[in-house]
Amino acid sequence: MTRASLVYALGAMRRRAGRNAAIVIGLAVVVLAFATVLFASEGLRSTTQRYAAEAPSLTVERLVAGRAALVDVADAARLEAIPGVRAVDPRVWGYFYLGALEANVTVVSATDVHELGVGTDVLGDDEAIFGASVARVLGVRAGDRIAVAATGVSDGVPVPRFLRVRGVLERESSLLAGDLVVVNAATARVLLGVPDASATDFAVDVFPPEESGVVSAAIVDAIPGARVVDRESLGRSFELTFDARAGMLAATLVPALLALLLLAWERLTGLSDEERREIGVLKAIGWSTSDVLRARLTEAGLVALVGATLGLVLAYVHAFVLGAPLLAPALFGWSNLRPEWALVPATDPAELFVLIAAIVVPFAGISVVPAWRAANVDPDRLLR
Amino acid sequence: VSVPSFARARLSALLGVTAVLVLALISTGIDARARSVTGRAQQAHAARIVRATGLSELALSTSSTWLRHPSLAAPSAAVSDAPLGLDVDPAGATIARPTRERAIEMEAVP
């Protein structure tokens with residue numbers, strides 16, 4: 001690029017400041033939308049993978065009429081007998097409707113809670129550790145007691161039950177555990193109405209982990225109707241699903257990109273008399289067609305780069321600093337228990353480069369066409 | 001070669017805008033790096049909840065029970081082949097299940 005064409009392009013940008021500012025804003029908005037989707041999907045993907053890595057090797061459920069039903073605790077012995085199975089934990093967990101919240105919370109039993117940092121290893125009866133979202137909406141703190149209507153197994157009549165809040169999980173974990181109410185097994189059974197001989201599912205620890213596939217097949221043989229969720233396949237499903245979900249969301253934004261390109265095409269193809277005269281003067285003083293195109297491409301490229309960079313920075317601020325206020329409502333629906341938006345930046349710079357290129361290149365391309373057509377006309381005709 | 005004053009002014013303006021954009025990108029990169037380090041530490045800390053409870057799925061949809069733990073809660077749902085597939089309807093929980101119905105279901109389990 002010669003200095004003359006750069007200086008000319010800068011002058012042209014200034015002369016058409018209004019039009020260029022509109023295009024910069026349009027490009028910035030489109031890049032903001034696409035990049036926010038990219039930031040969110042990559043953040044969710046990496047977060048999910050991080051937590052999935054800690055999930056049990058296998059989760060065994062029982063299907064009845066195609067629905068997940070309670071498992072028999074006695075079946076744990078049959079699972080433990082399978083070679084490769086290191087431990088089997090019959091878990092009691094499920095959903096509990098809290099009328100005060102008009103929302104479901106996830107009640108889950110845990111035998112050892114020393115890692116949860118509430119100052120105890122084991123929870124007593126009617127003691128609970130609350131997720132940050134539940135605690136925030138209910139307005140409870142450690143030491144408080146709240147009444148819940150547990151399901152009476154024997155007579156089916158709701159029984160008031162008082163839970164003592166032993167602790168609250170930290171806010172940063174709310175995307176994972178905001179709606180959790182962690183209790184001991186006995187309390188979980190009372191709240192959820194699960195009989196002593198049953199459990200929600202089995203968490204199976206397999207060693208070595210490579211044996212998961214073989215163990216899964218043995219479990220299905222051992223327990224008719226068993227459904228086995230493998231940690232590895234769960235991770236792969238998340239990969240595919242986030243790709244699909246982000247793809248669908250991005251697809252809904254494509255019309256916005258096309259509209260912008262159409263607008264730019266319409267604006268840029270209709271060269272004004274002033275622009276035609278400019279090109280005529282440039283040709284008359286000795287500029288070649290390629291010089292004119294270079295100046296035009298420089299002008300379009302600078303406008304596109306400024307718009308795209310602005311959009312990228314705004315998308316980052318929107319997604320990670322402001323908590324994606326434009327995207328979160330669509331993602332979280334109208335849940336009463338909304339987790340904190342605490343995504344970790346995990347986007348590959350190469351993906352951002354491709355995104356920018358996919359928007360900037362066609363924009364710069366369509367801006368050159370009208371200049372090329374004008375630059376091929378006799379300067380004498382352009383100046384008349 | 002002397003540069004005309006108007007050209008100098010334009011090139012200076014370009015330099016200024018470029019500097020601002022590059023600075024913004026560098027700041028974004030630095031902030032992303034810091035957030036990434038802090039976020040990963042927080043995730044490692046939160047991962048102990050998964051170890052304690054065995055539940056690893058994100059609380060993105062808390063209003064519909066079949067979407068809260070989509071890989072486990074509703075295997076017969078339309079999204080069962082792709083856990084966390086597109087949300088069908090995120091409002092399932094606005095109506096509570098009758099407790100009587102739940103008790104009958106419990107009694108039916110052998």
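**View 1. The β1–β2 hairpin of chain A.** V64(A) stands opposite R67(A) of β2(A) in this predicted model, where local features need pLDDT of at least 70, side-chain atom pairs count only at pLDDT 80 or more, and totals for chains, interfaces and linings use all residues. Residues are numbered from 1 along each chain as its sequence is written, and chains are lettered from A in the order in which they are written. Strand β1 (residues 58-64) of chain A is joined by three bridges to strand β2 (residues 67-69), and the two run antiparallel; strands here are DSSP runs of E with at least two residues, numbered from the N terminus, and two strands pair if DSSP finds at least two bridges between them. Two residues lie between β1(A) and β2(A) in the hairpin, and A65(A) in the turn has a positive phi of about 55 degrees.

**View 2. Further partners of β1(A).** With strand β13 (residues 226-230) of chain A, β1(A) pairs in the antiparallel sense over five bridges, and T59(A) has V229(A) as its bridge partner there. Strand β12 (residues 201-206) of chain A also pairs with β1(A) in the antiparallel sense, over three bridges, with F202(A) as the bridge partner of V60(A).

**View 3. Helix α9 of chain A and the residue after it.** Helix α9 (residues 273-284), a DSSP run of H or I with at least four residues, has 12 residues that should span 16 Å at 1.5 Å a residue, and its end C-alpha atoms are 16 Å apart, which agrees; the expected span is 1.5 Å times one less than the number of residues. Its buried residues (under 20% relative accessible area, 1.4 Å probe, protein chains only) are E275(A), E278(A), I279(A), G280(A), L282(A) and K283(A). Just after α9(A), G286(A) takes a positive phi of about 110 degrees.

Terms used
Heavy atoms only, no water. Buried < 20%, exposed > 50% of the residue type's maximum accessible area, 1.4 Å probe, protein only.
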